[in-house]
Amino acid sequence: MLDRRKRAALICLVFALAIAVFTSGCQLLEKDSETETESETETETESETETESETEFETDVVYISEDVSIRIILPDSTWEVTQDIDEMRVFASGSDAMINIVHASDEDSMKNISVMESEDALKETLSGQYPEEDAFEILSFEEKSSSTVVTYEYVVQYNLSTSMWAYSVTYALLSTEGDSAYVISGTVTENDVLLLADVQEAVESFTVLDRTSIFSVLPGTVENNNTTESETETDDSEDEENEAWSEELATLTAYSSSVTLYASANVNIRQYPSTSAERIGSLAAGSQVTVTGETSQWFRVSTGSSAGYISKAYLVSTAPETTATDDSETESTESAVTSAELGSEITYGSSYTFYTTTAVNLRSQPSTSSSVTGTVAAGAAVTVTGETDNWYIVTVDGVTGYISKAYVSSTQTTATESTESTEAASSSSASSSTSTTGVVSGTITAVTSDTLLIAGDDGVTYSINYANASLNSSGLTEGLYITATIDYSQSTASGSLYATAVTGH
């Protein structure tokens, strides 16, 4: 009996100890869990702080030269311009990396250009500079060419024990005539493949903005010399396309003065007169555009600092009427377009002075449906601080907004007296002594039921609304010389003139 009691007491003691150990373990686990939770909270807080800090760090900083001839997209805001002249531009990110842009535009300056035109030549040159074994490795070498331009791009990795940098990237653009070139070189001082990728992407983003330069057509016309059979078929197709737009371009007639036309629907602006050419912009239905010439099937239009082409099927002489209702589908489409524009927004590292080509609205968002925050006169200087695909971010008199690229140029044009009179008459601050009527004479170039386009005697193209005008002519037709009496008090800053009388001669 006594043994059974002892055994029972012993069993109870064991159970008591087990429960005590279990309870103690649970308390320890709870404390560990609380500690981990506190640690995670601190980590999340630190992560949020880092994210806020990163938000202030700008990436994809666009550099445009002062003469608006070239552009390059630098990796981030740590890069600074240390030299900025046409022959040599230098960009540096501290001591980690550097990019040089060298421009040679004549025979003498071409003598200072050093470009390796084959992988064997590159290897031979590097071997002379770095005779040590494993001193360097050529990671890639690529050659492309067209009838006017040859490009070379090569990437080299170096042994840091024998070289002052770890990687170099060279992108060279040479004219086939051998009289001009651009050479863009990037170097990385540390064995950092991510920085190398950023530098290579920046070097490859180099763009010549001057559309008259042979180097500006590289993206759409360069072909690879080393092609496979399937690539050859693709090149043949590209040749046919290039030949087609070249033939179309040969029919180009430049106007002696520009004409304002309107998009009848949403339409793309192409780099060349071909639907297969690169899209360089777009117009929303009803938007006006300055036309400077035409081919057999396309209009040449001004897109700001360059020219583009729009099919004749989508431009008309009068602005299309807009519907009075705005349904949810239209609003949704406009919102999507605006979001896409904002998604492409890039802020420059510095500001640039551009000029308006006509009187234009300053808008709160990059969309023709957004609110107008002000108007800018033709020929006015605006401060450009960034861009989207189709709009510039500008500041005018302390107000920042968006202006379509179609109405902004890097060069200033002289405002005509008629434009100044129109703006003065339409301004609420115009003095009572300002004349509200005038006479415009010229030859009709286009006519609709209520609007005339005329080539004025002063070399300016005018859009004249004659819907309520008295007519002293048996018919208004293209080629007819007319004199129109203009009521500037009804005219607007957009350049539309209202006639009270039209006389044919």
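**Exercise 1. What average pLDDT does the protein chain have, and what percentage of the residues score at least 70?**

Solution. This is a predicted model, in which local features need pLDDT of at least 70 and side-chain atom pairs count only at pLDDT 80 or more, whereas totals for chains, interfaces and linings use all residues. Residues are numbered from 1 along each chain as its sequence is written, and side-chain values use heavy atoms, with hydrogens and water left out.

Step 1. The pLDDT, the predictor's confidence in each residue on a scale from 0 to 100, averages 74 over the protein chain, and 71% of the residues score at least 70.

Step 2. Taking helices (H or I, at least four residues) and strands (E, at least two) as DSSP runs numbered from the N terminus, one finds the lowest mean pLDDT, 36, in helix H8 (residues 417-426) and the highest, 94, in strand S9 (residues 181-188).

Step 3. Over residues 33-56 the pLDDT is below 50, and this stretch has zero contacts (heavy atoms within 4.5 Å) beyond near neighbours in sequence. Residues 219-235 also stay under 50, but here the model has 25 contacts beyond four places in sequence. Where pLDDT is low, the predicted coordinates should not be read in detail.

**Exercise 2. Locate the salt-bridge partners of Glu294 and Lys405, and state how exposed each pair is.**

Solution. Step 1. A salt bridge requires a side-chain nitrogen of Lys or Arg within 4 Å of a carboxyl oxygen of Asp or Glu, and the structure holds five of them.

Step 2. Glu294 pairs with Lys312 at 2.6 Å, N to O. Because Glu294 lies in strand S15 (residues 288-294) and Lys312 in the loop between strand S17 (307-311) and strand S18 (315-316), the pair ties together parts that are 18 residues apart in sequence. With buried meaning under 20% relative accessible area, exposed over 50% and partly exposed in between (1.4 Å probe, protein chains only), Glu294 is partly exposed at 25%, and Lys312 is likewise partly exposed at 25%.

Step 3. Lys405 meets Glu387 with the closest N and O atoms 2.7 Å apart, and salt bridges that share partners join Arg71, Glu387 and Lys405 into one network. Both Lys405 and Glu387 are buried.

**Exercise 3. Describe the surroundings of Glu478.**

Solution. Step 1. Glu478 sits in the loop between strand S29 (470-472) and strand S30 (481-487), and its 55% relative accessibility makes it exposed.

Step 2. Leaving aside residues up to four places away in sequence, Glu478 touches Ile444, Thr445 and Ala446. Its C-alpha is 9.1 Å from that of Leu453, a residue 25 positions away in sequence.
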